Amino acid sequence: MYTLLNPFWIVLCSPLLAALYNKVGDNLTMPTKFTIGMFLCAAGFWLAYLPTFFHTPTGMVSAWWLVFIYMFQSIGELMISGLGLAMVAALVPQRLTGFIMGAWFLTSAASFIIGGWIATFTAAPEGVTDPLKTLPIYTGTFGKIGIATTIVAVLMLITIPKLNQMMSGKDKDGEMKLAHV
């Protein structure tokens, strides 16, 4: 049932993001939108960590946590995945577009493998079913992923000015430079 939340948020938020992009126009560059998406994904992981502090005495948590976790993750995914393909189409020379798009999808495939490996860290020990014992396993893993995702988002934030400069085709003095293709 909860797996329906990702498509729900994507269908709900896609037109909202499109309207927002039309409204803000060029005020938000692609690297900025990409970075916002990464911060939203980080927020989703941090939200998945918070039930450590907000659970019943028996270790149960509200399903609303999943609803909002999926919201942040889905919107972040929309801002990263769709924009990534748009950046490839806009920035890569036409003769390399197919190859680079293939590489983009290959990184998605690699992320599924890495995600499966990371999922093994959430496995409860055999025979352990007490929510008070399994909750720290799950939330601890999400907290660590939240830290890693936040670090990546901060690094992306730091690189926005340089990426904007590189994408504009101008050097640091505002002079047009020749692109090497």
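This passage walks through a predicted model of a protein, from its overall build to its pocket, its surface and a few single residues.

The protein has 181 residues and contains five helices and zero strands. Followed from start to end, the sequence gives the pattern α-α-α-α-α. Along its principal axes, the C-alpha trace spans about 65 × 35 × 30 Å. A reader new to this model may wish to find four of the helices before going further: α2 covers residues 30-49, α3 runs over 64-91, α4 takes in residues 97-119, and α5 extends over 131-168.

How are the contacts spread along the sequence? Among contacts between residues at least 6 apart in sequence, 73% join residues at least 24 apart. As for burial, 27% of the residues count as buried. The protein exposes about 11900 Å², and carbon and sulfur atoms supply 73% of that area.

The open space in the model comes next. The largest pocket holds about 1800 Å³ of space. Its lining is made up of 44 residues, and those closest to the centre of the pocket are Phe45, Gln73, Gly115, Phe142 and Ile145. Which elements give two or more residues to this lining? They are α2, α3, α4 and α5.

On the outside, a nonpolar surface patch of about 720 Å² can be traced through Phe39, Trp46, Ile147, Ile151, Val154, Leu155, Leu157 and Ile158. Helices α2 and α5 each supply at least two residues of this patch, with α5 giving the largest share, six residues. One of the patch members, Ile151, sits in helix α5. Is Ile151 buried, partly exposed or exposed? Ile151 counts as partly exposed because its relative accessibility is 48%, a value that lies between the limits of 20% and 50%.

Helix α5 also holds Ala148. With a relative accessibility of 41%, Ala148 is likewise placed in the partly exposed class. Ala148 can be related to Phe45 too: the two are 103 residues apart along the chain, while their C-alpha atoms are separated by 9.8 Å. Phe45 has already appeared above, as one of the residues closest to the centre of the largest pocket.

Helix α3 offers a contrasting case in Gly76. Gly76 has a relative accessibility of 0% and therefore counts as buried. Which residues does Gly76 touch, once its neighbours within four places in sequence are left aside? Gly76 is in contact with Gly37, Leu40 and Cys41. Another pairing involves Met38: Gly76 and Met38 are 38 residues apart in sequence, and the distance between their C-alpha atoms is 6.0 Å.

The last residue to visit is Thr97, which lies in helix α4. Thr97 has a relative accessible area of 18%, so it is classed as buried, the limit for that class being under 20%. When its neighbours within four places in sequence are left aside, Thr97 is in contact with Val88 and Val92.

Definitions and conventions. Residues numbered from 1 in each chain as written. Predicted model: local features only at pLDDT ≥ 70, side-chain atom pairs only at ≥ 80, totals over all residues. Heavy atoms only, no water. Buried < 20%, exposed > 50% of the residue type's maximum accessible area, 1.4 Å probe, protein only. Contact = heavy atoms within 4.5 Å. Patch = residues over 30% accessible without salt bridge, like charges linked within 9 Å, V, L, I, M, F, W, Y side chains within 5 Å. Areas by Shrake-Rupley, 256 points an atom, 1.4 Å probe, with all protein chains shown as cover. Salt bridge = Lys/Arg side-chain N within 4 Å of Asp/Glu carboxyl O. 1 Å grid on protein atoms, 1.4 Å probe; cavity = no way out; pocket = protein on both sides within 12 Å on 5 of 7 lines; lining within 4 Å. Points joined across faces, edges and corners; volume = space filled by probe spheres on them.
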